[in-house]
Amino acid sequence: MIVNISKKKVKSDFVTKVEELSGQNLLACYQCGKCSAGCPAISQMDILPNQIIRLAQLGLKNELFKSKSIWVCASCMTCNTRCPKGINVAEVIEAVRQILLRKRKDHVELKDLSEEEKREVPPIALIACFRKFTS
Ligand code: SF4
Ligand code: SF4
């Protein structure tokens with residue numbers, strides 16, 4: 001992935017917003033990769049959880065917004081428990097999703113789902129919510 005890094009992006013409102021919504025200090029991450037190593041959804045992701053944190057640190061919002069991974073994350077919180085720096089990676093991913101959803105940009109359109117997907121998606125969403133609000 002080729003990206004343009006600038007001081008302006010690192011100090012951007014986007015970075016502040018992600019930290020505010022997630023309650024996490026992004027710069028605490030030292031890229032050990034333990035979050036990614038334990039993620040059960042990794043096979044479906046285009047960028048790894050530790051890479052999501054790196055992109056968020058650098059304010060590279062467009063790369064994050066177009067990533068499939070932020071929607072694949074099931075909020076299982078495994079990454080949170082594995083992080084040696086105490087970073088709640090799942091909350092960072094949730095923050096990126098929230099920023100997009102507040103722009104009314106949904107990743108999935110209901111009309112585009114197959115019948116099989118419509119049967120499977122609600123339980124996945126319910127389990128993710130349950131874990132999020134009871135952890
Ligand atoms: S486990 Fe924590 S410190 Fe390590 S890469 Fe993931 S977020 Fe960063
Ligand atoms: S919360 Fe998301 S990123 Fe973290 S381990 Fe679970 S599926 Fe992977």
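So, cavities. If you search the whole structure, you find 1 cavity of 30 Å³ or more. This is a predicted model, by the way, so keep that in mind throughout. How much space lies in that largest cavity? About 90 Å³.

And which residues line the largest cavity? Reading along the chain, we have Cys29, Tyr30, Gln31, Cys32, Gly33 and Cys35, then Asn50 and Ile53, and then Cys83, Lys85, Ile87 and Val89. Sort that lining by class and you get 8 nonpolar, 3 polar and 1 charged residues.

Let's stay with one of those lining residues, Gln31. Gln31 sits in the loop between helix 2 and helix 3. Its phi is positive, about 60 degrees, although Gln31 is not a glycine. Is Gln31 buried or exposed? Neither: it counts as partly exposed, because its relative accessible area is 24%, and buried would need under 20%.

Okay, let me step back to the whole fold. The protein has 9 helices and 0 strands. Read along the sequence, the pattern is just α-α-α-α-α-α-α-α-α. There are 135 residues in the protein, and 38% of them count as buried. Here's one I like: take the contacts with a separation of 6 or more, and 67% of them are between residues 24 or more positions apart.

Now for the inside. The largest nonpolar core has 32 residues, and those with the most contacts inside it are Phe14, Val18, Leu64, Val89 and Val96. Where does this core come from? Helix 2 (13-22), helix 4 (49-57), helix 5 (61-65) and helix 8 (89-102) each supply at least two residues. The largest share, 8 residues, comes from helix 8. You've already met Val89, which also lines the largest cavity.

Let's zoom in on Val18. What does Val18 touch, leaving aside its neighbours within four places in sequence? Gly23 and Leu26, and then Val92, Ala95, Val96 and Ile99. Find those last four in the viewer: helix 8 runs from 89 to 102, so Val92, Ala95, Val96 and Ile99 are on that helix. As for the spacing, an α-helix has 3.6 residues a turn, so residues three or four places apart point the same way.

Next, helix 4. How many of its residues are buried? 7 of its 9, so we can call it mostly covered. Those buried ones are Pro49, Asn50, Ile52, Ile53, Leu55, Ala56 and Gln57. They pack against helix 1 (7-10), helix 2, helix 3 (34-37), helix 5, helix 6 (69-72) and helix 8. Two of the buried ones, Asn50 and Ile53, are also in the cavity lining. Just after helix 4 comes Gly59, with a positive phi of about 70 degrees.

Last stop, ligand 2. There are 13 residues around it, and the closest are Cys39, Cys73, Cys76, Met77 and Cys79. Helix 7 (78-82) and helix 8 each give at least two residues to this shell. What's the mix by class? 11 nonpolar, 2 polar and no charged residues.

Look at Met77 while you're there. Met77 lies in the loop between helix 6 and helix 7. Like Gln31, Met77 has a positive phi without being a glycine, this time about 75 degrees. But Met77 is buried, because its relative accessible area is 10%. Okay, that's my tour.

How values were computed:
Residues numbered from 1 in each chain as written. Chains lettered and ligands numbered in written order. Predicted model: local features only at pLDDT ≥ 70, side-chain atom pairs only at ≥ 80, totals over all residues. Heavy atoms only, no water. Core = buried A, V, L, I, M, F, W, Y, C linked by side-chain atoms within 4.5 Å. Buried < 20%, exposed > 50% of the residue type's maximum accessible area, 1.4 Å probe, protein only. Contact = heavy atoms within 4.5 Å. Near = heavy atom within 4 Å. Nonpolar A, V, L, I, M, F, W, Y, C, P; charged D, E, K, R; others polar. 1 Å grid on protein atoms, 1.4 Å probe; cavity = no way out; pocket = protein on both sides within 12 Å on 5 of 7 lines; lining within 4 Å. Points joined across faces, edges and corners; volume = space filled by probe spheres on them.
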